[in-house]
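Colleague: Could you pick one part of this structure and take me through it closely? I'd like to know who sits beside whom, and what is covered or open.

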Amino acid sequence: LSLLEWFHLQNPVKEMYIDFAIPEADNNEVAAIYAVFPVYFTVFDNTVKATQSIDTLTDINHRGKGLFNTLAKSVYQKSADNNCALVYGFPNDQSAHGFFNKLGWKNLGEVPFIFKPLRTKYFLKSKIKNKIVQKFLPNIRLSFTQEPKMPQNYALVNITKFDDAFSALWQKFTNNKTIGIKRDAAYLNWRFIDKPFESYVCKALYIDQKLQGYIIYTLKEKHNGNIGYVMELVYNPEIKNVASLLLKNTICYFNKSKADVILAWNLPNSVNNNEFKKEKFLVLPTKLRPIKLFFGVKSYDASLETSLFNESNWYLSYADSDTV
């Protein structure tokens with residue numbers, strides 16, 4: 001319940017868009033649900049309201065009645081009437097057909113998983129299914145990134161609350177050239193400080209007491225392994241070593257924590273893509289992906305479609321995920 005309240009009552013926009021299908025014969029039964037939650041979006045130098053599609057559920061006894069389409073179109077109409085400019089999200093392979101073929105979403109491809117392998121056993125287990133043999137598989141360390149030394153005027157600190165300096169840094173990082181969630185202080189506090197049942201490490205790098213970058217990450221036991229997630233990496237692009245210091249420090253943390261692999265979402269056009277490449281992050285092959293997710297969008301504003309339908313304009317990270 002607290003997670004639902006966080007999504008739908010405490011989001012930065014303070015709006016809620018959920019529709020339920022209730023059978024006339026039994027008002028105590030919920031036949032289907034369709035839910036999105038609102039966020040502020042930057043479309044280059046403009047800020048608009050958007051919604052992210054998160055919950056699509058139909059009771060097994062009520063499938064085949066078109067409830068998914070009916071509820072989704074109702075929610076879209078309500079959000080458009082309240083000046084939301086678009087809906088976007090990450091349908092899995094079971095629901096993608098409905099979004100792209102029935103609801104008019106534009107398919108922008110699969111979610112851009114990248115990864116850095118840290119230990120061999122996790123990947124060998126995916127090839128060898130015999131449980132007895134798995135116990136004897138070698139678990140060789142693959143990454144030997146050294147703990148970076150911080151110059152004297154640099155300070156790496158833990159963040160317990162984001163302030164306006166983080167809003168200004170996002171502006172400098174994107175330079176009004178991307179489409180995506182507006183990662184200002186209000187969003188960052190809601191997403192990473194206030195979210196129930198989650199624990200994120202938020203590290204900020206200051207140079208001469210001025211914020212120049214931050215990284216957010218978490219470690220989870222998921223997908224039959226110990227998985228490190230880089231949720232966000234934002235920095236001042238004018239200072240070359242900031243991103244490298246933050247990322248190296250994070251890799252060392254995951255190595256010490258005996259993570260099997262580090263995952264991130266990162267598009268090839270992203271400002272920080274080269275920083276991930278420098279640290280030997282690779283595009284995750286389809287066969288190794290923990291789940292097949294697509295990335296899509298539906299626009300309520302025809303004037304935005306050309307921009308929204310071009311994947312290279314977007315910025316995505318694990319901050320966009322509703323499950324991590």
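Modeller: Let's start with glutamate 198, which counts as partly exposed because its relative accessibility is 22%, and the cut-off for buried is under 20%. Keep in mind that this is a predicted model. The side chain of glutamate 198 meets that of lysine 220 in a salt bridge, with N and O 2.7 Å apart. The pair links distant parts of the chain: glutamate 198 sits in the loop between α7 and β9 (201-207), while lysine 220 belongs to strand β10, 22 residues apart. Lysine 220 has a relative accessible area of 17%, so it falls on the buried side.

Elsewhere, shared partners join Arg183, Glu232 and Asp320 into one salt-bridge network. Within it, glutamate 232 bridges to arginine 183, and their closest N and O atoms are 2.5 Å apart. That pair also links distant parts of the chain: glutamate 232 is in strand β11 (residues 225-235) and arginine 183 is in the loop between β8 (179-181) and α7 (185-193), 49 residues apart. Glutamate 232 and arginine 183 are buried.

The count comes to nine salt bridges. One that leads us to the part I'd like to dwell on, helix α8, is the bridge between the side chains of glutamate 147 and lysine 256, at 3.2 Å from N to O. Glutamate 147 is in the loop between α5 (131-134) and β7 (154-158), and lysine 256 is in α8, so this bridge ties together parts 109 residues apart in sequence. Glutamate 147 has a relative accessible area of 40%, so it is partly exposed. Lysine 256 is exposed, at 64%.

Now for α8 itself. The helix covers residues 241-256, and at 1.5 Å a residue its 16 residues should span 22 Å; the C-alpha atoms at its ends are 23 Å apart, so the two figures agree. Which of its residues are buried? They are Val242, Ala243, Leu245, Leu246, Leu247, Asn249, Thr250, Ile251, Cys252, Phe254 and Asn255. When you read that list, it helps to remember that an α-helix has 3.6 residues a turn, so residues three or four places apart point the same way. Just after the helix comes lysine 258, with a positive phi near 60°.

One residue of α8 also leads us to the aromatic pairs, of which the whole structure has 35. Let me show you another pair before we come back to the helix. The rings of tyrosine 76 and tyrosine 300 have centres 6.2 Å apart and planes at 50°, so they make a tilted pair. Tyrosine 76 is in helix α2 (residues 67-81), whereas tyrosine 300 is in the loop between β14 (294-299) and α10 (305-308), so the pair ties together parts that are 224 residues apart in sequence. Tyrosine 76 counts as buried, at 5% relative accessibility, while tyrosine 300 counts as partly exposed, at 24%.

Back at the helix, the rings of tyrosine 217 and tyrosine 253 have centres 5.0 Å apart and planes at 50°, so this pair is tilted as well. It links distant parts of the chain, since tyrosine 217 is in strand β10 (residues 210-222) and tyrosine 253 is in α8, 36 residues apart. Tyrosine 217 is buried, with a relative accessible area of 1%, whereas tyrosine 253 counts as partly exposed, at 31%. So what does α8 reach through these two contacts? Lysine 256 ties the helix to the loop holding glutamate 147, and tyrosine 253 links it to β10, the strand that holds lysine 220.

There is also a ring cluster, in which ring pairs link Phe41, Tyr88, Phe90, Phe113, Tyr229, Trp265, Phe295, Trp314 and Tyr318.

For a contrast, look at two neighbours in another loop. Valine 30 is in the loop between β1 (17-21) and β2 (32-43), and it is partly exposed, at 37%. Together with Phe20 and Ile22, it forms a nonpolar surface patch of about 260 Å² accessible area. Alanine 31 is in the loop between β1 and β2 too, but it is buried, at 4%. Leaving aside residues up to four places away in sequence, alanine 31 touches Ala21, Pro23, Leu57, Thr58, Asp59, His62 and Leu67. Its C-alpha lies 5.2 Å from that of aspartate 59, 28 residues apart along the chain.

Technical notes. Residues are numbered from 1 along each chain as its sequence is written. This is a predicted model: local features need pLDDT of at least 70, side-chain atom pairs count only at pLDDT 80 or more; totals for chains, interfaces and linings use all residues. Side-chain values use heavy atoms; hydrogens and water are left out. Patches are made of residues with over 30% relative accessible area and no salt bridge: like charges are joined within 9 Å, nonpolar side chains (Val, Leu, Ile, Met, Phe, Trp, Tyr) within 5 Å. Accessible areas come from the Shrake-Rupley method with a 1.4 Å probe; for residues, only the protein chains shown count as cover. A salt bridge is a side-chain nitrogen of Lys or Arg within 4 Å of a carboxyl oxygen of Asp or Glu. Helices (H or I, at least four residues) and strands (E, at least two) are DSSP runs, numbered from the N terminus. Buried means under 20% relative accessible area, exposed over 50%, partly exposed in between (1.4 Å probe, protein chains only). The expected span of a helix is 1.5 Å times one less than its number of residues. Contact means heavy atoms within 4.5 Å. Rings of Phe, Tyr and Trp (its six-membered ring) pair if their centres lie within 6.5 Å; planes under 30 degrees apart count as stacked, over 60 as edge-to-face and the rest as tilted.
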